[in-house]
Every structure is written in structure tokens, then in C-alpha cells.
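I opened a fresh notebook page today to look up two things: how helices pack, and what sits around a ligand. Here is the structure I worked from.

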Amino acid sequence: MNEPNFSRRPDIGQKIAVSFEFFPPRTDDMETRLWDTVQRLEPLAPRFVSVTYGAGGSTRERTARTVNRILTGSKLTPAAHLTCVDATRGDIDTVIAEFAGMGVKRFVALRGDPAAGVGARYQPHPGGYANGAELVSALKAQGDFDISVSAYPEKHPESPDFATDIEMLKRKVDNGATRAITQFFFDNDLYERYVERARRAGIYIPIVPGVLPIHNFTQVANFSGRCGAHIPAWLGERFDGLQADPQTHALVAAAVAAEQVMDLVERGVSDFHFYTMNRADLVVAVCHMIGIRAHSAGVPASAAA
Ligand code: FAD
């Protein structure tokens, strides 16, 4: 990645759009925190906000409740994540119909991880949808939904090679996906190379970078390997020694995420998806850097200068 240069601004007329990802809260305290976060992020006018779906449908009720609260209690447009894990086609079709009945028009369609955990061998349900591509088709069969799918700049850990990985993305696009959202990554060159590979394979939908502001470097370092995202040595050095110093950790995290996003803007990227971890501070700071602000959201970033 290039050296930081915070003077960069989006090009004149370059419109930046953002989306935010939440997970459904498990406790009342988490619910309160999520709702505070939603209220802080709402004035930034994201294109949509998405709510994740736990392995094997374990959060089915909570995902639905959270999506419904966003629909009824905010001006935000929710997207419901959906996975194929441990569910029959009939189960999933019912969940899709329930969301559609609620007024949901956007979905994030995923195969999902094995219920036994990331790294276990994935076994599709014998009567279920086998992967993200089949789920996209199932959604399209029920309505003209806006469908996001996953993409992996460092390839999915189960993909033997990039060709296989891109082939799966192509199937999802051919079946009706509107955009891809990437797994988080910290090396923008990898993202750029992946987009080039996809374009060469005839994939022209937006491939939106998924940005993970780092709230806890040790935790991110621990789970990133399982997600197929590598931690560059320079990133480890930035956070070295900050585990017991949360304030400095937060400042460094904001700088790191801003640096990554500003560099992507300079490379021509205009859409960003933030993995918020249900927290607003770092996301608000980074959005501010790219001209997405409460009073200027929705206008070209240059006009907010
Ligand atoms: P697919 O798109 O179906 O496949 C992904 C890749 O894996 C393909 O490139 C393919 O080459 C390879 N592959 C798939 N199946 C096989 C196989 N049987 N053998 C060999 N290779 C195979 N998980 C959740 O549980 N809930 C969520 O809400 C959620 N949200 C996510 C949002 C985003 C933006 C992303 C990037 C990931 C999300 N995940 C979520 C994680 C995701 O479920 C896992 O990464 C899962 O392992 C793959 O799901 P997928 O939809 O990407 O799979």
C-alpha cells in the first residue's frame, strides 16, 4: 500500500456511496448499542444497511426482528443476509417470502459456513441450495430483488485456485446478482488484481470493497486467517504494543482505515461497504474523510468541499 496521503480527495463529480453491515444483537445491551449506532449512521444516508444471518439460520428470528426494526423505525433501507446452511429449499423459500412480506427488497445471498465452524468441511443440505449461485436463482424466482453476493480478493479458502473462485462469482452474476461485496482485506493491490481478474472473466457488476475498521487487532488477526484474509506485516507493526492502550489503538485504527479507503478512492473506487461490528465511531470518522457527512451525504463528494 502507498504511504498515507490524507490530502487526497475524490475527483470532481465522483460520487461516493456507502453501505453498512450490522449483526443481530443477542442481548438487550447489545440491542441498545446497535440502535445507537444505527441512529448515528443514519444521517450519512447509506445506500443500504445489511443484517447478517447466523450459521444454520441460528439468528433467523433475530435477523428478521432487526431488519423489521430498521424498516419501521428508521429511514434506512435494509438488506437481509441469507445462507443455505442446514436448510431445505422449502425452508429458505419460506424465509425469503417472510422477508418479502415485510417489505424487504434487498438481500445478501450466501452459501454460509458449516454449522460446525469455519474450516470444517462444507456439506450442502441434501434437499437444500448448494451454494450462493443457487440461492441467487431462488431469490430471483420470488421477486426482482437487489441481490448482493460475496467476493474474495484473496480467493475463498475452499477454492483451489482463482479460476475456480471467479467461476463461482460468474455463476452468481449470471443468475442475477446485482453487486459483489468483498471479504475484508488490507492490501489494496490484491483487491485491484481481483477486480481485473473478474473483468477479464466478463464480470461487470460493481465489486464493492468490504472495509473492516479494526476495533481489536488481536481478534482480527486471529479470525482473518480462517476467512482467507491475510494480515500484512506492516499492519501488525502499526498495532504493535497497543493492546493495553485502547485510545491510541482507536486513533491508529481510524488512520489505517482512512488510509485504505482514501487510497481506494484514488484508484477510482466509489462504493464502500463497512463491516461496522455494530459500532459507529471509526465508520463515521472514515466516512467524514471521504466527504460522507450528515449534512452533505448524497451529494457529490467534491460539492461538499
Ligand atoms: P459461495 O459464493 O457459494 O462460494 C464461495 C467460494 O467457495 C467459491 O468461490 C467457490 O469456489 C468455493 N466453494 C464453495 N463451495 C465449495 C465446495 N463445496 N468445494 C470447493 N469450493 C467451494 N456468513 C454467514 O454465516 N452469515 C452472513 O450473514 C455472512 N455474510 C457475509 C457477507 C459478505 C459480504 C461476505 C464476503 C461473507 C459473508 N459470510 C457470511 C461468510 C460466508 O458465508 C463464508 O465465506 C462462506 O464460507 C462462503 O459463502 P459464499 O456465499 O461466499 O459461498
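Before looking at any pair, I wrote down the angle rule: under 35 degrees counts as roughly parallel, over 145 as roughly antiparallel, 65 to 115 as roughly perpendicular, and the rest as oblique. I also noted that this is a predicted model.

**Entry 1: helix pairs**

I started with helix 1 (residues 28-41) and helix 2 (residues 60-73), whose axes are 12 Å apart and meet at an angle of about 40°. That angle falls in none of the named ranges, so I put helix 1 and helix 2 down as oblique to each other. I checked the handedness too, and the crossing of these two helices is right-handed.

Next I followed helix 2 to its other partner on my list, helix 3 (residues 89-102). Their axes come within 10 Å and cross at roughly 15°. This is under 35 degrees, so helix 2 is roughly parallel to helix 3. Helix 2 passes helix 3 in a right-handed crossing.

Then I jumped along the chain to helix 9 (residues 246-266) and helix 10 (residues 281-289). I found their axes 9 Å apart, with a packing angle of about 40°. Helix 9 and helix 10 are therefore oblique to each other. I noted a right-handed crossing here as well.

**Entry 2: around the ligand**

How many residues surround the ligand? I got 22, and the closest are Tyr 53, Asp 113, Ser 150, Tyr 152 and Lys 172. I sorted the shell by type and got 6 nonpolar, 11 polar and 5 charged residues.

Which helix gives the most to this shell? Helix 5 does, with 4 residues. Strand 3 (78-83), helix 5 (162-174) and strand 6 (179-184) each supply at least two residues.

**Entry 3: polar contacts with the ligand**

I looked at Asp 113 up close: an N or O atom in its side chain is 2.5 Å from an oxygen atom of the ligand. For Ser 150, I found a polar side-chain atom 2.5 Å from a ligand oxygen. With Glu 158 the backbone is involved, where an N or O atom lies 3.4 Å from a nitrogen atom of the ligand.

Last, I asked how much of the ligand the protein buries. Taken alone the ligand exposes 970 Å², and the protein buries 84% of that.

Definitions and conventions. Residues are numbered from 1 along each chain as its sequence is written. This is a predicted model: local features need pLDDT of at least 70, side-chain atom pairs count only at pLDDT 80 or more; totals for chains, interfaces and linings use all residues. Side-chain values use heavy atoms; hydrogens and water are left out. A residue is near a molecule or strand if one of its heavy atoms lies within 4 Å of it. A polar contact is a pair of N or O atoms within 3.5 Å; within protein, one must be able to donate a hydrogen and the other to accept it, and residues adjacent in sequence count only if both atoms are side-chain atoms. Accessible areas come from the Shrake-Rupley method with a 1.4 Å probe; for residues, only the protein chains shown count as cover. Ala, Val, Leu, Ile, Met, Phe, Trp, Tyr, Cys and Pro count as nonpolar, Asp, Glu, Lys and Arg as charged, and the others, Gly among them, as polar. Axes are lines fitted to C-alpha atoms, for helices over the stretch in contact, and angles run from 0 to 180 degrees between N-to-C directions. A crossing is left-handed if the near helix is turned anticlockwise from the far one by less than a right angle, and right-handed if clockwise.
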